[in-house]
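Q: Hi! I've just loaded this one up and would love to walk through it with you. Shall we start?

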Amino acid sequence: MATDVFKDMQRGGHEQVVFWEDADSGLRAIIAVHSTLLGPGLGGVRMWPYASTDEALQDVLRLAEAMTYKAAAAGLPLGGGKAVIIGDPRRVKTESLLRAFGRAVESLGGRYLTAEDVGMTVADMEIVRKETKHVTGTSEKSGGSGDPSCLTAKGIFYAIETCMKELYGDPSVRNRTVAIQGVGKVGYQLAELLATADARLIIADTDSQRAMLARREFEAWRVEPDEILQVECDVLAPCALGDVFNRKTIPRLRCRAIAGAANNQLATPADAERLAERRILYAPDYVISAGGIINILVGMQGGRKGYDRAKAERLAKRIPLTLLEVFRKARAQGITTARAADELAQARLDEARAQVAKERGRGRAPVRKRTARTKVRR
Ligand code: NAD
């Protein structure tokens, strides 16, 4: 591998990176723990046919860092982590591979908590659970909090309403056009919420069966994956993979706002400036996709009593409030919404770091609440 992993870790401020190889099952996984300052590093596991180990490493490092910011911006007592498994989930995902991944997670002793991400399902998490207790997003039947993508989709829906209010003075999505890139777990449920609220939908998915299903169920207009970014719409909702917006794609956008679940949508920080120059309102991805980790945290806090759905729904309603705060801050300071979100999250991390330093100064070990009963801040 040409990359110097330590240099990459230093640049991003990562605490730990674990490479895991299991010859019997063919598992090749990387787990990155970005920060445990606010709590255990929570983040899903993504299974994807990466072209190289370096591509997988860069992805997991960026995704783990984004999780730290996501939890901090949402005021949750969680840190940031992520895992990737190299391989095509449709071809090489087996029980033995998932169990080997479970053992890798277990080896970190709770510093990293896993969950489902792209290429993974609740059923997969049930298998991972056979090897580790540090797994979330398992089924409600087995005492877990279920698929987090349902609440993720709700948070995105609220964020879209917030964008509508910001742009048009009215939060309703009725007769507004929303283009969804990727109708997988989150995108499909988002489409359902929007269709129920009488929005007009344009969808695309590289998986033609998923695209056809969404088109049929929600009377959506289906376009090819390479067309979705250029369709005329009020809101573009990226719900597939990251690096969607860059110097090539931004000039061709024909949307008024961007609000979607995909992590790391901006290829570089300069892309936030490019969007602002084009007067496209950007709802920062990690601020509005926090529904999933809220769902997981509430499940963890439930302990034996189990998952409290009403509480999770209540907490998800804070997402649009945080987004409003970001919009206000950006406007007041003349900065991009991406930068406003970063500053908000950074302030929370700095506060926690100062607290840890104070406790260390007093000769006490810093308290990092890691139990299921940890309270949600705010
Ligand atoms: P998923 O794998 O269920 O769905 C992704 C969909 O995007 C798939 O249907 C896939 O075929 C499609 N796709 C991939 N590349 C595409 C392209 N170029 N054009 C169009 N479609 C494409 O994943 P998901 O759980 O729905 O997550 C979607 C995104 O949201 C990911 O970036 C994930 O990290 C992020 N996210 C998910 C959650 C969650 O709760 N699941 C929470 C926060 C963020």
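Q: How do the residues lining the largest pocket divide into nonpolar, polar and charged?
A: The lining of the largest pocket has 21 nonpolar, 14 polar and 12 charged residues. Do keep in mind that this is a predicted model.

Q: Sure. Which residues lie nearest the centre of that pocket?
A: Val118, Gly119, Lys185, Cys239 and Ala240 do, out of 47 lining residues.

Q: And how much space lies in the largest pocket?
A: About 1100 Å³.

Q: Which elements give two or more residues to the lining?
A: One strand label and several helix labels come up: β4 (45-48), α2 (53-73), α3 (89-92), α6, α7 (185-196) and α11 (291-302).

Q: Which domains does the lining draw on?
A: Domain 1 (2-71 + 78-147 + 369-377) and domain 2 (149-290) each supply at least three residues to the lining of the largest pocket.

Q: Let's stay with the domains. How far apart are the C-alpha centres of domain 1 and domain 2?
A: Those centres are 26 Å apart. As for contacts, 14 residues of domain 1 meet 15 residues of domain 2.

Q: Now the inside. Which residues of the largest nonpolar core touch the most other members?
A: Ile160, Ile180, Leu190, Leu194 and Ile288, in a core of 72 residues. The element giving the most to this core is helix α6 (residues 149-168), with nine residues.

Q: Where does this core lie with respect to domain 1 and domain 2?
A: Both domains give residues to this core, so the core lies between them.

Q: Which residues does Ile288 touch?
A: Leaving out residues up to four places away in sequence, Ile288 touches Thr152, Gly155, Ile156, Ala159, Ala259, Gly260, Ala283, Ile319 and Leu323.

Q: What other core lies apart from the largest one?
A: There is another core of 22 residues, including Ile31, Val45, Ile85 and Leu97.

Q: Different topic: is Thr68 buried or exposed?
A: Thr68 is buried, because its relative accessible area is 2% and the cut-off for buried is under 20%. Thr68 sits in helix α2.

Q: What does Thr68 touch in there?
A: Not counting residues up to four places away in sequence, Thr68 touches His34, Ser35, Gly79, Gly80 and Leu349.

Q: Next, Arg99. Where does Arg99 lie?
A: Arg99 lies in helix α4 (residues 95-106). Its relative accessible area is 27%, so Arg99 counts as partly exposed.

Q: Which residues is Arg99 in contact with?
A: Beyond its neighbours within four places in sequence, Arg99 is in contact with Ile127, Lys130 and Glu131. As for Asp124, which is 25 residues from Arg99 along the chain, their C-alpha atoms are separated by 9.3 Å.

Q: One more thing, on backbone angles. What is the phi of Glu219?
A: Glu219 is not a glycine, yet has a positive phi of about 50°. Glu219 is in the loop between α8 (208-218) and β9 (221-222), and is exposed, with a relative accessible area of 74%.

Q: And what about the phi of Arg279?
A: Arg279 has a positive phi of about 55°, and is not a glycine. Arg279 is in the loop between α9 (270-277) and β12 (281-282).

Q: Is Arg279 buried or exposed?
A: Arg279 counts as exposed, at 72% relative accessibility.

Definitions and conventions. Residues numbered from 1 in each chain as written. Predicted model: local features only at pLDDT ≥ 70, side-chain atom pairs only at ≥ 80, totals over all residues. Heavy atoms only, no water. Core = buried A, V, L, I, M, F, W, Y, C linked by side-chain atoms within 4.5 Å. Buried < 20%, exposed > 50% of the residue type's maximum accessible area, 1.4 Å probe, protein only. Helix = DSSP H or I, 4+ residues; strand = E, 2+ residues; numbered from the N terminus. Domains from an automatic or database assignment. Contact = heavy atoms within 4.5 Å. 1 Å grid on protein atoms, 1.4 Å probe; cavity = no way out; pocket = protein on both sides within 12 Å on 5 of 7 lines; lining within 4 Å. Points joined across faces, edges and corners; volume = space filled by probe spheres on them. Nonpolar A, V, L, I, M, F, W, Y, C, P; charged D, E, K, R; others polar.
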